[in-house]
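Here is a short report on a predicted model. It takes the interior first, then a helix, then the surface.

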Amino acid sequence: MSVIYFIFQQTMLFTIPLMIVALGGMFSERSGVVNIALEGIMTMGAFTGILFLNMTGGRMSGQMQLLLAILISTATGAVFAFFHAYASINMKANQTISGTALNMFAPAFAIFVARVIQGVQQIQFNNTFRIESVPLLGSIPFFGPLLFQNTYITTYLGVAILILSTLVLYRTRFGLRLRSCGEHPQAADAAGINVCRMQYAGVLISGVLGGLGGLVFVVPTSTNFNADVAGYGFLALAVLIFGQWKPVKIMWASLFFGLMKAVAAAYSGIPFLAATGIPSYVYKMIPYVATLIVLVFTSRNSQAPRASGVPYDKGQR
């Protein structure tokens, strides 16, 4: 039973950031803007959040420190996403090129600033955020050890974001307007919706969630940050496509890829996998091979928002 608990908890550590970032990409594409910059946004969010943890490590610890780092990472993600929004919406730039440029800029900026501040690019922090057992809930048979022991507050935050994203997208006027801008912006404009404003909202939400996802990815899995999020931003794009731009399907896709990532990272702690004698690099390849296989069989039937990636020109009909 302990192996089941271990596999599930490891899976959640990788699933939650992946789901959060993919949901962010969903909001952007639902508004009509493709956000290839998710990798860079994650890097910048993780960088500022971890730098805050490093600089306040001697004076603060625990959940309050993590919550403040979350606020910093989300604000950083929003600011960084603003550049992509301005280039894509105001300047009518190619959205793929704009996102790629930001992806290239982010790690270089993080390395440069880290070296200026502390002389080395790797930023260390003390992980004081793991919750050994949630009071009362951690004592529940089976579900207690599974869901409420050896966990992080970010896990519950990710679940809350999933529920909120579903409600916002399908149960609010904002969500309806956002989806209409991604499907037929001219019709939305004719109905009195400010398309540019909605697209800005979608991209900035993706920035907030992307910055958060960067921090949520690093904190439970490491004690340092080296200007890298292991390609998770690109993996989130694959999850977004596999999830058909729908929150619940994105959740299931995130669980699948999170499990693959957990196997790759923690196979040595799973007795029947460790006993096989398979080289470690084979396990490390699993998430990316699985990504390619899934995309081969699912991308053909993908139905992205019709106007996604097409710069909106108010004068065109």
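The largest nonpolar core has 64 residues. Leu 23, Phe 47, Ile 50, Leu 53, Val 219 and Ile 250 touch the most other members. Helix 1 (residues 2-31) gives the most to this core, with twelve residues. Apart from this core lies another, of twelve residues. Ala 37, Ile 41, Ile 89 and Val 203 are among them.

Take Ile 50. Neighbours within four places in sequence are left aside here. Ile 50 is then in contact with Ile 123, Phe 125, Leu 215, Val 218, Val 219 and Phe 225. In soluble globular proteins, nonpolar side chains tend to be buried together.

Helix 3 covers residues 62-90. At 1.5 Å a residue, its 29 residues should span 42 Å. The end C-alpha atoms are 42 Å apart, so the model agrees with the expected span. Just after helix 3, Lys 92 takes a positive phi of about 55°.

Now the surface. Ile 278, Tyr 281, Val 282, Met 285, Val 289, Ile 293, Val 296 and Phe 297 make a nonpolar patch of about 780 Å². An α-helix has 3.6 residues a turn, so residues three or four places apart point the same way.

Two partly exposed residues are set out here.

| Residue | Place | Relative accessible area |
|---|---|---|
| Met 285 | helix 13 (residues 280-298) | 44% |
| Asp 228 | loop between strand 4 (224-225) and helix 10 (232-242) | 47% |

Both values lie between the 20% and 50% cut-offs, so Met 285 and Asp 228 count as partly exposed. Asp 228 and Phe 47 are 181 residues apart along the chain. Their C-alpha atoms are separated by 9.0 Å.

Methods
Residues are numbered from 1 along each chain as its sequence is written. This is a predicted model: local features need pLDDT of at least 70, side-chain atom pairs count only at pLDDT 80 or more; totals for chains, interfaces and linings use all residues. Side-chain values use heavy atoms; hydrogens and water are left out. Patches are made of residues with over 30% relative accessible area and no salt bridge: like charges are joined within 9 Å, nonpolar side chains (Val, Leu, Ile, Met, Phe, Trp, Tyr) within 5 Å. Accessible areas come from the Shrake-Rupley method with a 1.4 Å probe; for residues, only the protein chains shown count as cover. A salt bridge is a side-chain nitrogen of Lys or Arg within 4 Å of a carboxyl oxygen of Asp or Glu. Helices (H or I, at least four residues) and strands (E, at least two) are DSSP runs, numbered from the N terminus. Buried means under 20% relative accessible area, exposed over 50%, partly exposed in between (1.4 Å probe, protein chains only). A nonpolar core is a set of buried Ala, Val, Leu, Ile, Met, Phe, Trp, Tyr and Cys residues joined through side-chain atoms within 4.5 Å. Contact means heavy atoms within 4.5 Å. The expected span of a helix is 1.5 Å times one less than its number of residues.
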